[in-house]
Amino acid sequence: MTQSKFDVNNEQMTSEILDAERELKMGNQAQLDADKFARYALIGDVMRQKEQSTPCIDITASVAAAIADEPVYNMTEEEAAQELQSKNSNVVQMSFWRRPLSQVAIAASVALCTVIGVNNFTPQNNIDAQAPMLQSMPLTGTVAPVSLSSEPAMQSAERGVRELQKQRIGALVLEHQRQSRMAHALSKNTKQTEKDKQEEN
Amino acid sequence: MIKWLAVVLSVVLSTQIFANETINARQLLKDMSSAVQERNFDASFVVVKGKGMEPYRWLHGQVEQTDLEILTLLNGAGLEVVRVDDVVTYFEPQTEPYSLSTDVIAGPIPEVLLRDISTLDSSYEFVLGGKERIAGRPAQLVRLVAKDESKFNYWLWVDLQSALLLKAAYVNQDSEVLEQLQLTHISVTERPASQLLELKEKTLPTPIAALSDDGPVKQQNNWQIGWLPNGFKLLKADRHKLDLNNELADYFLYSDGLVEVSVFVQRPLTGQRASGALTSGATTVYVHNAGAFDVSVVGKIPVETAKNIAESVKRSL
C-alpha cells in the first residue's frame, strides 16, 4: 500500500518537474523517475508535433545482447567442430574478448563520409575566394536548375553520379587511412637512405 | 652606464629564458614519448570531430622485454590495432587482419609524437603555453606551431607528473579547435594488463612484404604536383586499385612528419560536377574536377591548402 502511494507521489513529482511547476533540487532528485521523465517529454513532443520528434526508442543494446546470447540452431557438427577449433586456435580473432559484430560491419572511416551527403551546389563561376564546400545536408530544390529537375531521367542520373561520388569519397578516405599507416616506417626508410647516400659521398 | 647595463642584462636574461623555454617544450615532448614507451598503462580517451565522437581504449606494457600495445575503437563496427615490438597488426571489419613491420601504431595520436620528435624541427616550432587542469591533473600546454601558415597547428597538454599525454588538438590559424583528443581515464601500473599478457601468447599474421627498397621514391612520371606546403616529402607514388570501389588511381603519399596527405588522380566521373570540399574534424577531402581527370586530396590540412594542391596537379609533358 505504502509502496504504491510512493509511486504515485513520484509520478506526480516527475510530472511537476517536467512542467516546471517544481524546481529540480537535490532533495527531490531521488524521487524523479528518469525513464518516466523521458517518456513524458517524448509524449509532449509528439503531441506538440515538434519537428524531429520521431520516437527513438533505443533497443539496439538489448537486441545486440539478445543476439549474442541466442544459441545457434541448425549448426551441423562440422560447423560446431570448426567453431571449437577456431576457439582453440592460437591465431588472434578480430577481438580477443568479444565476438565480432558482423551485422554492423561497416568500416568506420567509410561511415564517416557516407553519413554526410555529398551535394554539388556552388556554381563554378562563383568568384568567392573561399573554396566551395560540398554541402553536408542535401539542399532540396536549389541543387539543379528548374529545367533539369523537371526531367525525371536527368534527376535520377544526377542522383546516380552523386551516389558514385559518395562511394568514391568513402574509398578515398579509407585508402588514405590505410596508406598513412605505412607513413612512419616509410619516412624512416627515406631518411635512412638519405643518410646512407650522404655517407657514401 | 647603469641604465645600459640593465638593458644588456635584461636582453641576456630574456634570451636565456627564451632558450630555456624551447628546451623545456622539447624536453617535455621527449619525456612524453619515453613515458609512452616505457610505462605500463591502461588509458581511455575520446576523439571529438565536430559533432562526432570516437571512444578508444589504449593499453601498453612490457612483458619480458617484449613491447606490447593494444588500441581499440569502442564504437560502431570497431577497429583493433595491436603491436608486438616491431609488428603492428590491424583488425578491421570486412577485411582480413594484416600486419605491417613498423614500430608504431598509426592511430589518432600522430606517430611522431610517440617516437622521435626531432623530425618535426624543420616544419614546426615548439612553444610552451600555460598550465591547465586536464582530466583532474595539472598539465602543461605545448604548442606545435606550423612554420608554414597553410597547415594546422597541434596543441598538446602533457601531465606534469607522469609526462603522459592528457589532451591534444588540431587548431587552425585562427586558434579554433577543429578536432580534439581527451583522456578520460588513465592508470599507470607496476604490472602490464592481463590482455597484454594474453596478446604475447598469440600468433599474428606475418607482416606484408617490406616496402620497395630501391632507395628514395621516384616521382611518378604521369603527373606533376606543382605545389605543396613547405616541409612535405614524397613517401610513396604508385598506381593501384582502391579497395572499396575497385577504381584505378595514381596515388601519391606525402608527409611533413606530423600529418600525411594523399593525392589521387582518377578517371573523371560523368556528369557536370563542381569541385568541392568535405571536412570532418581536421580531415579535409577536396575533389577537384580538372576536366580530363579528377584530382582528390585527403589529409589533415586546411581546405584552402587541399584546394591549392589539387589545382596544381598537371599532366607532365
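**Figure 1. Hairpin of strand 4 and strand 5 in chain B of the predicted model.** Val82(B) stands opposite Thr89(B), a residue of strand 5 of chain B. In this predicted model, strand 4 (residues 79-84) and strand 5 of chain B pair in the antiparallel sense, and five bridges join them. Two residues lie between the strands of this hairpin, and Asp85(B) in the turn has a positive phi of about 50 degrees.

**Figure 2. Strand 5 of chain B and its pairing with strand 6 of chain B.** Strand 5 (residues 87-91) of chain B is largely enclosed by the rest of the structure, because four of its five residues are buried. Its pairing with strand 6 of chain B is antiparallel and runs over four bridges. Val87(B) stands opposite Ser101(B) of strand 6. The hairpin of these strands has six residues between them, and Gln94(B) takes a positive phi near 65 degrees there.

**Figure 3. The open sheet of chain B.** Eleven strands of chain B form this sheet in the order 6-5-4-3-2-1-11-10-9-8-7, with antiparallel pairing. Strand 6 (98-101) and strand 7 (124-134) of chain B are the edge strands, each pairing on one side only. On average, neighbouring strands of the sheet are turned by 15 degrees against each other, direction ignored. Strands of a sheet pair through backbone hydrogen bonds.

**Figure 4. Strand 9 and strand 10 of chain B.** Six bridges connect strand 9 (residues 153-159) and strand 10 (residues 165-171) of chain B, which pair in the antiparallel sense. Within this part of the sheet, Trp155(B) stands opposite Ala169(B) in strand 10 of chain B.

**Figure 5. Surroundings of Glu54(B) in strand 2 of chain B.** Glu54(B) belongs to strand 2, which spans residues 52-63 of chain B. Not counting residues up to four places away in sequence, Glu54(B) touches Phe45(B), Val46(B), Val47(B), Lys49(B) and Leu73(B). Gly76(B) is 22 residues from Glu54(B) in sequence, and their C-alpha atoms are 9.1 Å apart in space.

**Figure 6. Nonpolar cores, with Leu113(B) and its contacts.** The largest nonpolar core holds 95 residues; those touching the most other members are Leu113(B), Leu144(B), Phe252(B), Tyr254(B), Leu258(B), Val263(B) and Val297(B). Not counting residues up to four places away in sequence, Leu113(B) touches Met32(B), Ser33(B), Leu120(B), Leu144(B), Tyr154(B), Leu156(B) and Leu258(B). Apart from the largest core lies another of ten residues, including Ile70(B), Phe91(B), Leu196(B) and Leu204(B).

**Figure 7. Helices and prediction confidence in chain A.** Chain A contains nine helices and zero strands. Of its 201 residues, 24% count as buried. Chain A exposes about 14,800 Å², of which carbon and sulfur atoms supply 56%. Among contacts in chain A with a separation of 6 or more, 35% join residues 24 or more positions apart. The mean pLDDT of chain A is 59, and 34% of its residues reach 70 or more. Among the elements of chain A, helix 8 (residues 152-180) has the highest mean pLDDT, 82, and helix 6 (residues 108-115) the lowest, 39. The pLDDT is below 50 over residues 51-57 of chain A, a stretch with four contacts in the model beyond near neighbours in sequence. Residues 96-130 of chain A also stay under 50, and the model has 70 contacts for them beyond four places in sequence. Where pLDDT is low, the predicted coordinates should not be read in detail.

Conventions: Residues numbered from 1 in each chain as written. Chains lettered and ligands numbered in written order. Predicted model: local features only at pLDDT ≥ 70, side-chain atom pairs only at ≥ 80, totals over all residues. Heavy atoms only, no water. Core = buried A, V, L, I, M, F, W, Y, C linked by side-chain atoms within 4.5 Å. Buried < 20%, exposed > 50% of the residue type's maximum accessible area, 1.4 Å probe, protein only. Contact = heavy atoms within 4.5 Å. Areas by Shrake-Rupley, 256 points an atom, 1.4 Å probe, with all protein chains shown as cover. pLDDT = per-residue confidence, 0-100. Pairing = 2+ DSSP bridges. Axes fitted to C-alpha atoms, helices over the stretch in contact; angles between N-to-C directions.
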